[in-house]
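Please examine the sequence and the model below before reading on. The paragraphs after it are meant to be read with the structure in view.

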Amino acid sequence: MTAADDAQVLLRTEGHAARLILNRPSALNALTHSMVNRIDGALTAWERDPAVETVVITGAGERGLCAGGDVVAVHADARAGGTASADFWADEYRLNARIARFPKPYVAVMDGIVMGGGVGISAHGSVRIVTERSRVAMPETGIGFVPDVGGTHLLGRAPGELGTHLALTGRAVGAGDALLCGLADHFVPSERVPALLADLARSSVAEVLPRYARQAPPGELAAQRGWIDDAYARGTVEEIVDRLHALPGAAAKETAETLLSRSPTALKVTLAALRRARSLGSLERVLEQEYRVSCAALSSPDLVEGIRAQLVDKDREPRWSPATLAEVTDEDVAAFFAPLGDRELGFTATGSR
């Protein structure tokens with residue numbers, strides 16, 4: 001690991017708190033493989049350090065904690081038929097599981113944009129803080145991919161069908177809705193975050209947090225639960241879209257059009273992954289499933305095409321293949337869940353490799 005790699009995640013200790021600062025603000029702190037490894041190494045050291053009582057993760061810059069993984073690199077790797085993305089995901093998903101099992105308070109300040117891999121390094125933590133600037137999302141279907149980093153585990157546990165709605169549409173939510181969906185625990189006004197961080201260096205989370213936590217501004221999803229639960233309880237994506245079109249009100253119809261703009265394959269695989277995740281139980285089992293799906297997506301045309309359209313050429317006109325929901329067969333979906341043999345992710349009972 002080079003000095004430049006080290007500079008992408010700043011590590012420091014302030015009193016009783018250890019700090020992880022994602023430091024790629026020009027890339028909205030998007031994660032690279034070396035950043036994942038540096039975070040993992042820091043957690044190893046701090047877990048064993050009796051002087052460290054709390055770990056806090058934040059993002060440099062004003063725009064957000066983390067916009068996800070470096071999907072442009074994934075695009076290049078997929079086009080070349082490489083293994084770098086699969087290797088990255090293996091370490092990233094193990095880090096997600098480690099964060100969920102970390103024995104000390106892990107405080108994630110989910111200020112600003114928190115998407116994809118950013119959710120993975122924050123929403124599995126034991127103390128998850130959002131602000132009025134938070135925009136939390138798993139936007140993968142828009143690039144021909146499927147929610148990963150434990151996203152199907154988190155969204156599968158949201159009330160009713162709210163998680164299904166967020167997973168299929170990729171919609172970003174604010175603080176109130178992130179709290180409602182179980183993606184966060186506490187609301188702290190952004191202007192109070194610096195003082196919160198300073199106090200965590202001196203005192204425990206249990207002592208500090210009540211002084212800063214406030215009532216979050218109301219979200220939008222609670223009022224939309226009726227039509228969301230109605231539509232997304234249907235058995236297939238086609239039935240969901242048909243029901244959304246049939247329901248009264250503009251919101252449901254606009255949502256149907258949003259779904260029809262997403263990758264048909266990604267939509268069907270996401271729905272299957274989310275429903276399977278609900279019965280898998282532990283985060284580790286879900287991450288194993290997500291790893292199979294992610295590796296399968298590398299050879300799917302929609303991942304390369306989706307990243308091209310959204311982030312490389314930026315024409316915003318992906319040409320999905322197959323182009324319609326009706327053309328995506330049950331066999332196509334099942335192939336994404338096929339065992340990987342000796343390439344399986346694999347966790348022990350404690351969550352480590």
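The text that follows moves from the central sheet to a helix, its aromatic pairs and the nonpolar cores.

This is a predicted model, in which local features need pLDDT of at least 70 and side-chain atom pairs count only at pLDDT 80 or more, while totals for chains, interfaces and linings use all residues. Residues are numbered from 1 along each chain as its sequence is written, and side-chain values use heavy atoms, with hydrogens and water left out.

Helices (H or I, at least four residues) and strands (E, at least two) are DSSP runs, numbered from the N terminus. Two strands are said to pair if DSSP finds at least two bridges between them. On this basis, six strands form an open sheet in the order S1-S2-S3-S5-S7-S9, with mixed pairing. Strand S1 (9-14) and strand S9 (186-187) occupy the edges with a single partner strand each, so one side of each has no neighbour in the sheet. S1 pairs with strand S2 (residues 17-22) in the antiparallel sense over six bridges, and Leu 11 has Leu 20 in S2 as its bridge partner.

Further into the order comes S5 (106-110). Strand S3 (residues 54-59) pairs with S5 in the parallel sense over three bridges, with Ile 57 opposite Ala 108. Strand S7 (residues 127-130) is also parallel to S5 and is joined to S5 by four bridges; here Ala 108 stands opposite Arg 128. Five of the five residues of S5 are buried (under 20% relative accessible area with a 1.4 Å probe, protein chains only; exposed is over 50%, partly exposed in between). The strand is therefore largely enclosed by the rest of the structure. Tyr 106, Ala 108 and Met 110 cover one side, and Val 107 and Val 109 the other.

Which elements do the buried residues of helix H4 pack against? They pack against helix H2 (33-48), helix H3 (71-80), S5, helix H5 (117-120) and H15, where contact means heavy atoms within 4.5 Å. Among the buried residues of H4 are Phe 88, Trp 89, Glu 92, Tyr 93 and Asn 96.

Two of these residues take part in aromatic pairs. Rings of Phe, Tyr and Trp (its six-membered ring) pair if their centres lie within 6.5 Å; planes under 30 degrees apart count as stacked, over 60 as edge-to-face and the rest as tilted. The whole structure contains two such pairs. The ring centres of Trp 89 and Phe 145 are 5.4 Å apart and their planes lie at 20°, so this pair is stacked. Because Trp 89 belongs to H4 (residues 84-101) and Phe 145 to the loop between strand S8 (135-137) and helix H6 (151-156), the pair ties together parts 56 residues apart in sequence. Trp 89 and Phe 145 are both buried. In the second pair, Tyr 93 and Tyr 291 have ring centres 6.1 Å apart and planes at 90°, so the arrangement is edge-to-face. Tyr 93 in H4 is thereby linked to Tyr 291 in helix H15 (residues 283-298), 198 residues apart, and both are buried.

A nonpolar core is a set of buried Ala, Val, Leu, Ile, Met, Phe, Trp, Tyr and Cys residues joined through side-chain atoms within 4.5 Å. The largest has 93 residues, and Leu 20, Leu 22 and Leu 43 have the most contacts inside it. A second, separate core of 14 residues includes Val 127, Ile 129, Leu 196 and Val 208.
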